Amino acid sequence: MRDPLLHRPAPSDDPSGRFFWQSGEDGVLRFLRCTDCGYWLHPPSSRCPRCLSADVAPQPVSGQATVHTFTVNVQSWTPGQEPYVYAVVEFPEQDGLRLSTNVIGCPVDEVHIGQAVRVTFIHRNDAYYPVFVPEVS
Amino acid sequence: MSDKFEQDAVISGVARSAIGRRLGRSALDLTIDAAVAAIADAGLTREDIDGICTYPGGSADVTFGYAGPPPQEVQDALRLNLTWFQGSAELPGQLGAVVAAMMAVSTGLCRHVLVYRTVTESSAQGGGGRAAVLGSERAHSYGVWSAPFGGTSPVNWLAPVAMRHMHEFGTTREQLGQLAVTFRRHAALDPDGAVFTTPLTLDDYLAARMISTPLCLLDCDVPVDGSTALIVSTAAHAPNTPTGAVRIEAVGTAARGRLSWDQYENLTSMAAQGAAAHLWSRTDLRPADVDLAQLYDGFSILALVWLEALGFCGHGEGGAFLEGGANIALSGRLPLNTNGGQLSGGRLHGYGLIQEAVVQLRHAAGPRQVRDAEVALVSNGGGPIAGALLLTRDR
């Protein structure tokens, strides 16, 4: 099977997002967080959108998340990678802190809204892609 | 100046080119056909046209047949003398170009604006294959948060909205399918314009191949080649229009909340909420006063979300509203997408919907005419962008 991550557009090397795509090197997912008011930022921005503080920095999250919603892509955009789960996961650290990603590691028809998942990383294109696997209870 | 700028302008003319799959004609060619016909429909000649506005304009992205020709090419081809022109995509939905034209008329920059939207997506995708859909090597801007994970097509960004709606409210595929089935029935009454006119049953819908769960092929609109043009004129011109002007009662252009595919606060909804609330704040008319609606249906779920955002039913009640299809039929409570919308009529990026609303308000829609139509709602966009217009028959 062809590696889907190598057949999709790679993330741009935008300076504001560089920390995000490199964060998985040590196995830890990070988002920007405001040092002054504690608000988590995604996508990255240079100021806290809540208090406008410029004191924002990458901080680790637990890596646990919940499937907020998802789709199983069936259409063959790039033959060989379908079907795959494209999901929006939400993090317990803050209401509405979400990431679009993939859920892997289980049959696609077992993925469901509310499912507990945790982060794992795939290293491709000089980036560490944060994808999610079902949390084993 | 009037109390509100909407009153300063009317839609005086409207027309479309040939619409179809892989017509093999240039974007400019199609645009000129639509433009010339729209100018005549408005009772004008090209000497009267002093403004041009388009969404998004040819410099935006010519690769996918998405943009149409830039204003300068149309200006030159028709030898127009303009005081104002604009092409832009960063607007409140595709019909933001209509609002921009209205503003130009209201401020006195021009009197008669040619507004057009032209697509040659069918030909472009036929020639470009999958590469035309997949795009570039690297994802940029907001695409960096979707494309690397295979959020490849808008269907992948909107299917999660449908999935969440089904999860929270029990909305079913059968309910969603009523949009495709009903619009197909309407399309059959517009055989000169619609792309798909063969009857469609709910069983056909449920059997169609899946694209991105829960959205199947028949939840997706169809790429076409074609151009729609309309003329936005100063309101003083209304009595001089041979086929009748249409008034603009209110616009909805507001952008509120986190307007993205995945960060919007409530993922059973979208930017439509802001546009709808803004529109209703600018008029004394209410949803119950609307005789028909042309709601953006690039994907079926968008029309459902618009139904709720605009208050035709409560949030989460869209599925029940669609149940059985009676409410949205030509004789129903809210006749919807009366020429087949984009699901059957072709993806004219919302402009086919505006044109149909104008034709309906002129009582010129023939066998698909909604009886005594006086007020029509048109919405455009989905996900992060949205715009809406409330149109009325000139009285």
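## Exercises on chain B

The accessible surface of chain B, in this predicted model, comes to about 13,900 Å². Carbon and sulfur atoms account for 50% of that area.

**Exercise 1.** Work out why the radius of gyration of chain B agrees with that of a compact globule.

*Solution.*
- Start with the chain length: there are 395 residues.
- Next, grab the rule, 2.2 Å times the number of residues to the power 0.38. For this chain, that puts a compact globule near 21 Å.
- Now compare: chain B has 19 Å, so the value agrees with the globule.
- For the extents, look along the principal axes, where the C-alpha trace spans about 55 × 50 × 40 Å.

**Exercise 2.** Describe how chain B is built and packed.

*Solution.*
- Tally the secondary structure: you get 13 helices and 12 strands.
- Then check burial: 63% of the 395 residues are buried.
- Finally, take the contacts between residues at least 6 apart in sequence; 76% of these join residues at least 24 apart.

**Exercise 3.** Find how the charged side chains of chain B are distributed.

*Solution.*
- Count them up: 28 are positive and 38 are negative.
- Then locate the centre of each set; the two centres lie 2 Å apart.

**Exercise 4.** Decide whether Gln355(B) is buried or exposed, and find its contacts.

*Solution.*
- Place the residue: Gln355(B) sits in helix 13, residues 351-361.
- Buried means under 20% relative accessible area. Gln355(B) has 9% relative accessibility, so it counts as buried.
- Set aside neighbours within four places in sequence, and Gln355(B) is in contact with Val14(B), Ala15(B), Arg16(B) and Thr228(B).

Technical notes: Residues numbered from 1 in each chain as written. Chains lettered and ligands numbered in written order. Predicted model: local features only at pLDDT ≥ 70, side-chain atom pairs only at ≥ 80, totals over all residues. Heavy atoms only, no water. Helix = DSSP H or I, 4+ residues; strand = E, 2+ residues; numbered from the N terminus. Buried < 20%, exposed > 50% of the residue type's maximum accessible area, 1.4 Å probe, protein only. Contact = heavy atoms within 4.5 Å. Areas by Shrake-Rupley, 256 points an atom, 1.4 Å probe, with all protein chains shown as cover. Lys, Arg positive; Asp, Glu negative; His and termini not counted. Charge placed at Lys NZ, Arg CZ, Asp CG, Glu CD.
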